[in-house]
Each structure stands twice: as structure tokens, then as C-alpha cells.
Amino acid sequence: MYVSIAFLVLISLDRYLKITRPLRKFRIHNMKWSSCISMGVWVLTVLLMLPFIVLSIVKSKGPKCFHYKKQILSAGLMNMVAVIFIFILSLLFLVSYAKIAVKLYRISLGKKREQIRKVRTRAILKTFIVLAIYIVCFMPYHIVRIPYILSQIDIISSCQSKTVL
């Protein structure tokens, strides 16, 4: 999931650069650089997931409430850092698509023909559809993940509260 989000952010960066600076050629548009960046995303993701794999060996003991698995504080903090990282990537994603929409709107403002306005409206609509799909698919999980992590490290400790979550 995190790799998918990272690649969506990179795609939005690519679209942003192509739309806002169409006459410039950036390194990211080169096959060699794109491959290196893709490999970097995969390597970084694997490296960031290693602590989770290592810590999953530590089994939680004691009574279970619902299906919450207790975590040690460091595991909870790593999970919270991952969620914060996703929110930062999401903010970058939202900002880049908003700037793309603004640029498309400004480009078509001077045009008077109806066909150009239809193309602009369609492009802006597609931009917001991608944005809406991203928000619907990824954000609810990460919003709910915050109280879940807090319950795992016993900041939210009552069994009744955990059941409500």
C-alpha cells in the first residue's frame, strides 16, 4: 500500500511538472532517472518495513480485547511515523493536483471556443476524479489507524473504547 501511495505521488509530480512547465525537460522524465527513482522507492520501503518485520516476532501476552494486538511503545511510534509520513505524502499529492487544476483553468481562460472549454472541464474533472479515488481508497484507513495504534500501546486502554473503535 505504501509503495502504491509513493508511486501515486511521483505520478502526480510528473503530471504537475509536465503541465506547469511544459517546455522544460526534467531528469525525472528520463528513463534512467525514473528507473532509479522507482528502485529507490522499493528499497526505501523495504528498509522502512524491516523494523516492523523484526518487531512482529515479539508476541504479545495477556488477555485480548477484540482483535487488538498489544505493541511495545517503539512499535507504536514506528506505526505512527508511517501514518504521519502518509499524511505528508497525501498533502503533497493534494497540493500538486490542486496546482494542476489551477494551471489547466488558467490556460483555458483566454480561450473562447466552446470546444476548448469542454476539453478543459474534462481535464479538470479527470484530475479531481483521481484525487477523489485516492482520498476514498487510502485516507479512511490511515485516519482510523491513529486510534488503532493508540489502543495498541494502551493510550486508549478501556476494552469498551477499543470495541467502539
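Me: In which helix of this predicted model is Val 43 found?
Reply: The model is a predicted one, and in it Val 43 belongs to an element that covers residues 31-55. The element that holds Val 43 is helix α2.

Me: Is Val 43 buried, partly exposed or exposed?
Reply: A residue is buried under 20% relative accessible area and exposed over 50%, with partly exposed in between. Because Val 43 has a relative accessibility of 41%, the class that applies to Val 43 is partly exposed.

Me: What accessible area does the nonpolar surface patch with Val 43 have together?
Reply: Val 43 shares this nonpolar patch on the surface with Met 39, Val 46, Leu 47, Leu 50 and Ile 53. Taken together, the residues of the patch have an accessible area of about 560 Å².

Me: How many helices and how many strands does the secondary structure of the chain come to?
Reply: Read from the N terminus on, the elements of the chain run α-α-α-α-α. The secondary structure therefore comes to 0 strands and 5 helices.

Me: What distance separates the end C-alpha atoms of helix α1, and what span should its residues have?
Reply: Helix α1 takes in residues 2-20, and its 19 residues, at 1.5 Å a residue, should span 27 Å. The expected span agrees with the separation of the end C-alpha atoms, which is 27 Å.

Me: Which residues have the most contacts inside the largest nonpolar core, and which element gives the most to this core?
Reply: The largest nonpolar core has 20 residues, and those with the most contacts inside it are Ile 5, Phe 93 and Tyr 134. The elements that give two or more residues to this core are α1, α3 (73-109) and α4 (114-152). With 8 residues, the element that gives the most to this core is α3.

Me: With which residues is Ile 5 in contact, leaving aside its neighbours within four places in sequence?
Reply: Ile 5 is one of the buried residues in α1, among them also Val 9 and Leu 17. Once the neighbours within four places in sequence are left aside, the contacts of Ile 5 are Ile 86, Leu 89, Tyr 134, Phe 138 and His 142.

Me: Is Thr 127 buried or exposed, and what separates its C-alpha atom from that of Ile 100?
Reply: Thr 127, placed in helix α4, is buried because its relative accessible area is 6%. Beyond its neighbours within four places in sequence, Thr 127 is in contact with Tyr 97, Ile 100 and Leu 104. Although Thr 127 and Ile 100 lie 27 residues apart along the chain, their C-alpha atoms are separated by 7.8 Å.

Terms used:
Residues are numbered from 1 along each chain as its sequence is written. This is a predicted model: local features need pLDDT of at least 70, side-chain atom pairs count only at pLDDT 80 or more; totals for chains, interfaces and linings use all residues. Side-chain values use heavy atoms; hydrogens and water are left out. Patches are made of residues with over 30% relative accessible area and no salt bridge: like charges are joined within 9 Å, nonpolar side chains (Val, Leu, Ile, Met, Phe, Trp, Tyr) within 5 Å. Accessible areas come from the Shrake-Rupley method with a 1.4 Å probe; for residues, only the protein chains shown count as cover. A salt bridge is a side-chain nitrogen of Lys or Arg within 4 Å of a carboxyl oxygen of Asp or Glu. Helices (H or I, at least four residues) and strands (E, at least two) are DSSP runs, numbered from the N terminus. Buried means under 20% relative accessible area, exposed over 50%, partly exposed in between (1.4 Å probe, protein chains only). The expected span of a helix is 1.5 Å times one less than its number of residues. A nonpolar core is a set of buried Ala, Val, Leu, Ile, Met, Phe, Trp, Tyr and Cys residues joined through side-chain atoms within 4.5 Å. Contact means heavy atoms within 4.5 Å.
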